[in-house]
Amino acid sequence: MLRSLVGSEMCIRDSHWTGGGKHMFCIGIACGACSGYEVYALLNEMVHLARGRFRADMMVHHAVALVFIVGSGTMFTRVDEGDIKYWMFVWESLTFSMVSNLTLNLRNYSLACLKRIDDAGQQGTAHKSATVWVNVLSMLFGVSFLWVRVVEQLPFIVACLTGPVASAIKNRANPFVSLSTAAVYSAWMVLTALNLYWAVYVFNMGLRVLGLSKQKKSKQL
């Protein structure tokens, strides 16, 4: 992945570019995958709201995801050539991040199964087996989340700080050609901050599963 970032300019490898540098095919796939998942995630969020549970961090997450999807769907073909590399940068980062959604949903499914067993008052083998699966899938989710949303994001974070952020501070001006690029890039920065915030809870969840923490319950993503 490190080879996909070239200096502070954050250019994506030439071999990724198609369609005269527009990279429509790859971004189209990533945007479509994100759109499909967001439909499911929003429906899931509606269930939480119906049960009286408002998750502010998740609502912010859905809002920034909407910026990525709508922005890419409506503005990308009109983006100035000088800004394309930043859109490429954002979607390269998002593509890595979305990998952890699979293990997250497997974990949530196992938690739902365990809850049904508890509600039915079942104990013994069924409850013990479900608990084991919850712990295994929780650890799998924790490792995948910390890897793809923290470790693999570090080069992106460094490139962001030494590129657009440093340029904005030095020149006291918008480093992007268009405001739409600034909006998409800013949304990515918010999502990255959310990932680091969630990483603390995910790490504590892992410690709890391993019996190294007295915390009884971790935040559910």
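This passage describes the helices, salt bridges and surface of one protein chain, as seen in a predicted model.

The overall picture is a helical one. The protein chain contains seven helices and zero strands, and its elements follow one another in the pattern α-α-α-α-α-α-α. Of the 221 residues in the protein chain, 42% are buried. Among contacts that join residues at least 6 apart in sequence, 75% link residues at least 24 apart. The accessible surface of the protein chain amounts to about 12100 Å², and carbon and sulfur atoms account for 68% of that area.

Turning to charged pairs, the model holds two salt bridges. One of them joins R55 to E45, with 2.8 Å between the closest N and O atoms. R55 sits in the loop between α1 (24–50) and α2 (56–75), whereas E45 belongs to helix α1, so this salt bridge ties together parts of the chain that are ten residues apart in sequence. Both partners, R55 and E45, are buried.

The salt bridge between K115 and D119 has an N to O distance of 3.0 Å. Here both residues belong to helix α4 (residues 100–119), where they are four residues apart, or about one turn of the helix. This spacing fits a general feature of the α-helix: with 3.6 residues a turn, residues three or four places apart point the same way. K115 has a relative accessible area of 52% and is exposed, because the cut-off for that class is over 50%. D119 is likewise exposed, at 58% relative accessibility. The pair in α4 is therefore made of two exposed residues, while R55 and E45 are buried.

Helix α6 deserves a closer look. This helix covers residues 154–171, 18 residues in total, and spans 25 Å from its first C-alpha to its last, close to the expected 26 Å. Along the way α6 has a kink of about 35 degrees, centred on V165. Several residues of α6 are buried, namely P155, F156, I157, A159, C160, G163 and P164. The cover over these buried residues includes α3 (84–97), α5 (125–151) and α7 (179–209). Just after α6 comes R172, which takes a positive phi of about 50 degrees.

One of the helices that help to cover α6 is α3, and S97 is found in that helix. With a relative accessible area of only 4%, S97 is buried, because it falls under the 20% cut-off. Leaving aside residues up to four places away in sequence, S97 touches V148, R149, Q153 and N195.

On the surface, M46, L49, F54 and M59 form a nonpolar patch. Together, these four residues have about 380 Å² of accessible area. M59 is part of helix α2. Its relative accessible area is 31%, so M59 counts as partly exposed, a class that lies between 20% and 50%. The same value explains why M59 can belong to the patch, because members must have over 30% relative accessible area.

How values were computed
Residues are numbered from 1 along each chain as its sequence is written. This is a predicted model: local features need pLDDT of at least 70, side-chain atom pairs count only at pLDDT 80 or more; totals for chains, interfaces and linings use all residues. Side-chain values use heavy atoms; hydrogens and water are left out. A salt bridge is a side-chain nitrogen of Lys or Arg within 4 Å of a carboxyl oxygen of Asp or Glu. Helices (H or I, at least four residues) and strands (E, at least two) are DSSP runs, numbered from the N terminus. Buried means under 20% relative accessible area, exposed over 50%, partly exposed in between (1.4 Å probe, protein chains only). The expected span of a helix is 1.5 Å times one less than its number of residues. The bend at a residue is the angle between axes fitted to the seven residues ending there and the seven starting there. Contact means heavy atoms within 4.5 Å. Patches are made of residues with over 30% relative accessible area and no salt bridge: like charges are joined within 9 Å, nonpolar side chains (Val, Leu, Ile, Met, Phe, Trp, Tyr) within 5 Å. Accessible areas come from the Shrake-Rupley method with a 1.4 Å probe; for residues, only the protein chains shown count as cover.
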